[in-house]
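User: I'm new to this one and would like to know what stands behind the labels people put on it. Could you show it to me and take a few questions?

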Amino acid sequence: MTPARSEPRFSAIPRTAAQTRVLDAAISLIAEHGVSGTSLQMIADAVGVTKAAVYRQFKTKEEIVIAITEREMSRLEDAVEAAEAEGHPVRAREVLLNRMIDQAIERRGVVSVLQFDPVIIRLQAEHEPFQRFIERLYAALLGTESGVEARFHAAMLSSAISVAVMHPLIADFDADTLRDQLTLMARRMLDLPESTR
């Protein structure tokens, strides 16, 4: 059963071409320098515009970070909705887990920043649409609605995936090997049957 939404899907939030260019530049800089180490001037320089031109697109750096997070979360919206609509709980968890792992591999440089940058963590905690989406994601993934154990389990799984894709011990793994190993370990953490993927 899909919960009713009081806000639009992240993927439906309109962005102009100029805003998209700012976000693309900002995510690259933030991945390298963190939010605190990235200035609006650096973003403007990367886009090839003035700082005033960046201000016309986003009033603050926080607005840019929120827009980046919305864009990254939008990549999982279809998978969350598919998991919520899935009639079989194990299959629902598999659908979502596979997409989370695929996204972590595809977005290796971004995932870790979004999970661990202190400014992004604070903004995600303060922004209710993010909190509601994360609750939906982990309710579908863990098969639970709430509680200390569910939240802790979600934090462990999310951290394990995010750290693993960036860890220097496996930096040389190709995408297929990384996907296979992440899937195996995540399925064990979720107590899912062996995959035939």
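Analyst: Here are some questions and answers on this predicted model.

User: Why is V35 called buried?

Analyst: Buried means under 20% relative accessible area, and V35 has 2%, so the label fits. V35 sits in the loop between α1 (17–33) and α2 (40–47). Among the residues it touches are I30, K61, V65 and D117, leaving out those up to four places away in sequence.

User: How far is V35 from I120 in sequence and in space?

Analyst: They're 85 residues apart in sequence, with their C-alphas 7.5 Å apart in space. V35 also touches I120.

User: Why does M189 count as partly exposed?

Analyst: Partly exposed runs between the 20% and 50% cut-offs, and M189 comes in at 30%, so that's where it belongs. You'll find M189 in helix α10 (residues 175–189). Together with F152 and M156, it makes a nonpolar surface patch of about 290 Å².

User: What makes α5 "mostly covered"?

Analyst: Of its 18 residues, 13 are buried. As for its span, α5 reaches 26 Å from first C-alpha to last, close to the 26 Å expected at 1.5 Å a residue.

User: Which residues touch the most other members of the largest nonpolar core?

Analyst: Those are L96, L97, L137 and L141, out of 33 residues. The elements giving two or more residues to this core are α4 (61–85), α5 (89–106), α8 (128–142), α9 (148–166) and α10. There's also a second, separate core of 23 residues, including L23 and F58.

Definitions and conventions
Residues are numbered from 1 along each chain as its sequence is written. This is a predicted model: local features need pLDDT of at least 70, side-chain atom pairs count only at pLDDT 80 or more; totals for chains, interfaces and linings use all residues. Side-chain values use heavy atoms; hydrogens and water are left out. Patches are made of residues with over 30% relative accessible area and no salt bridge: like charges are joined within 9 Å, nonpolar side chains (Val, Leu, Ile, Met, Phe, Trp, Tyr) within 5 Å. Accessible areas come from the Shrake-Rupley method with a 1.4 Å probe; for residues, only the protein chains shown count as cover. A salt bridge is a side-chain nitrogen of Lys or Arg within 4 Å of a carboxyl oxygen of Asp or Glu. Helices (H or I, at least four residues) and strands (E, at least two) are DSSP runs, numbered from the N terminus. Buried means under 20% relative accessible area, exposed over 50%, partly exposed in between (1.4 Å probe, protein chains only). A nonpolar core is a set of buried Ala, Val, Leu, Ile, Met, Phe, Trp, Tyr and Cys residues joined through side-chain atoms within 4.5 Å. The expected span of a helix is 1.5 Å times one less than its number of residues. Contact means heavy atoms within 4.5 Å.
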